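Hello,

Here is the structure I promised to pass on to you. Have a look at it first, and then read on for my notes.

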Amino acid sequence: MPTGAYRCIERTGRFPVAVCRRDQLGLESLGKTSEKEPDQEKNEESRALPWYLQVQTPSQEPKSISERQRLPDLPPEPPPLLQPMLQHISVDLGLDDLYLLDLRDLDPPPALGANLLMVIGTARSEKHLHVSADRLCRWLRTTHRLTPYADGLLGRGELRLKLKRKNRRARMLNSVGASDSSNTDDGIRTGWVCVNIGMVEDGRGSPLKAVELKDDNYVGFGGEISGVRVVVQMLTEEKREELELETLWSQALARYTRRKDRIAKGQVEEAATSDHLGPSLGFNASSSTLSLAP
């Protein structure tokens with residue numbers, strides 16, 4: 001008999017059945033609550049902690065090192081420079097999540113130039129971004145005798161000078177009791193460096209040279225150059241999520257492919273229609289004349 005029932009007997013002097021059942025239910029409920037005590041203690045502890053000490057589980061699982069350093073697949077007929085450059089960017093420079101875009105067939109071509117191959121990589125910090133871009137330019141100059149141009153790159157002396165000016169301005173504001181709370185771009189935290197390598201040899205191994213145009217219907221000036229233009233986009237993780245260059249150019253390629261397929265399908269239907277109506281109407285394709293058949 002439950003202990004609560006004995007206590008009631010001592011107090012009242014008679015056997016309380018309802019009280020005994022009530023005590024049994026209470027003991028069962030206590031047993032159930034005792035099983036849930038660890039979860040409740042965890043919830044109470046998490047509620048007792050302030051928000052800045054609570055550990056939040058990330059929405060996306062972090063990628064492993066092998067996944068972040070995996071090289072992208074090469075496009076068909078890649079230039080000889082592409083494979084060693086990707087290896088150098090991933091292993092020596094330490095850029096993660098490399099992504100390769102083949103924009104050689106895109107029409108109209110991008111503003112960076114026609115026959116374009118674009119490589120996108122993520123730097124781990126602002127300093128890592130500028131150091132990696134500077135080392136890539138030096139490697140291309142010394143190893144492959146190329147003349148790359150890095151847009152957005154801050155040189156060592158330039159970065160030091162800008163930091164010195166920023167600190168001097170902060171000291172002047174502190175001396176008068178003011179603070180610089182504006183979110184204007186100070187020219188130091190760029191978050192994006194575009195390394196334009198220029199024209200390199202194409203995948204067929206032909207040398208980089210101008211091609212003579214034999215088409216009499218060509219209108220314009222200059223000449224066509226056989227080669228591939230390579231561009232490396234280096235961004236910090238925050239800037240890459242903000243710009244989403246992969247999505248932008250992938251959608252442009254998808255639109256171009258759909259338009260190209262639609263034009264090709266229209267040409268096939270037009271050719272089939274002309275072949276079907278040509279013999280009955282006496283159409284001569286060589287002389288481009290139309291005569292009614294008797």
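Let me begin with a contact that is easy to miss when reading along the sequence. Leaving aside neighbours within four places in sequence, Pro78 is in contact with Asp202 and Gly203. Pro78 and Asp202 are 124 residues apart in sequence, yet from C-alpha to C-alpha they are 6.7 Å apart in space. You will find Pro78 in the loop between α4 and α5, where it is partly exposed, with a relative accessible area of 25%.

Please keep in mind that this is a predicted model.

The chain as a whole

The protein chain has 294 residues, and 27% of them are buried. Its secondary structure comes to 9 helices and 9 strands. Of the contacts between residues at least 6 apart in sequence, 68% join residues at least 24 apart, and the pair Pro78 and Asp202, 124 residues apart, is one example of such a long reach. The chain exposes about 21500 Å², with carbon and sulfur atoms supplying 53% of that area.

The sheet

Next, look for an open sheet of 5 strands, which run in the order β1-β2-β7-β4-β3 with mixed pairing. β1 and β3 (149-151) stand at the edges; each has a single partner strand, so one side of each is left without a neighbour in the sheet. On average, and with direction ignored, neighbouring strands here are turned by 20 degrees against each other. β1 and β2 pair in the antiparallel sense over 6 bridges. To see how they line up, find Asp96, which stands opposite Thr122 in β2.

The helix α5 and the core

Which residues of α5 are buried? They are Leu82, Met85, Leu86, His88, Ile89 and Ser90. Several of these are spaced three or four places apart, such as Leu82, Met85 and Ile89. An α-helix has 3.6 residues a turn, so residues three or four places apart point the same way. The cover over the buried residues of α5 includes β1, β2, α6 (126-144), β4 (192-200) and β7 (228-236). Just after this helix, Gly94 takes a positive phi of about 85 degrees.

In soluble globular proteins, nonpolar side chains tend to be buried together. Here the largest nonpolar core has 28 residues, and those with the most contacts inside it are Met85, Ile89, Leu136, Val195, Ile197, Val232 and Met234. Two or more residues each come from α5, β1, β2, α6, β4 and β7. The biggest giver is α6, with 6 residues. There is also a second, separate core of 13 residues, which includes Leu101, Leu106, Val231 and Tyr256.

Met234 is a good residue to click on. Not counting residues up to four places away in sequence, it touches Leu93, Leu95, Gly121, Leu129, Ser132, Ala133, Leu136, Gly191, Trp192 and Val193. One of these partners, Ser132, is found in helix α6. Is Ser132 buried or exposed? With a relative accessible area of 1%, Ser132 is buried, because the cut-off for that is under 20%. Beyond four places in sequence, Ser132 touches Leu93, Leu95 and Met234, and Leu93 and Leu95 are also among the residues that Met234 touches.

Some local details

Most residues other than glycine have a negative phi, and most peptide bonds are trans. A few places in this model depart from that pattern. The peptide bond from Asp107 to Pro108 is cis, with omega near 0 degrees, and Pro108 sits in the loop between β1 (96-103) and β2 (116-123). That loop between β1 and β2 also holds Asn115, whose phi is positive, near 50 degrees. Asn115 is partly exposed, with a relative accessible area of 30%. Glu77 has a positive phi too, near 55 degrees. Its place is in the loop between α4 (65-68) and α5 (82-92), and at 47% relative accessibility Glu77 is partly exposed.

Lastly, the cysteines. The count of disulfides comes to 0. Cys137 is buried at 3% relative accessibility, and Cys194 is buried at 13%.

I hope these notes help you find your way around. Happy exploring!

Best wishes

Notes:
Residues are numbered from 1 along each chain as its sequence is written. This is a predicted model: local features need pLDDT of at least 70, side-chain atom pairs count only at pLDDT 80 or more; totals for chains, interfaces and linings use all residues. Side-chain values use heavy atoms; hydrogens and water are left out. Buried means under 20% relative accessible area, exposed over 50%, partly exposed in between (1.4 Å probe, protein chains only). Contact means heavy atoms within 4.5 Å. Accessible areas come from the Shrake-Rupley method with a 1.4 Å probe; for residues, only the protein chains shown count as cover. Two strands pair if DSSP finds at least two bridges between them. Axes are lines fitted to C-alpha atoms, for helices over the stretch in contact, and angles run from 0 to 180 degrees between N-to-C directions. A disulfide is a pair of cysteine sulfur atoms within 2.5 Å. A nonpolar core is a set of buried Ala, Val, Leu, Ile, Met, Phe, Trp, Tyr and Cys residues joined through side-chain atoms within 4.5 Å.
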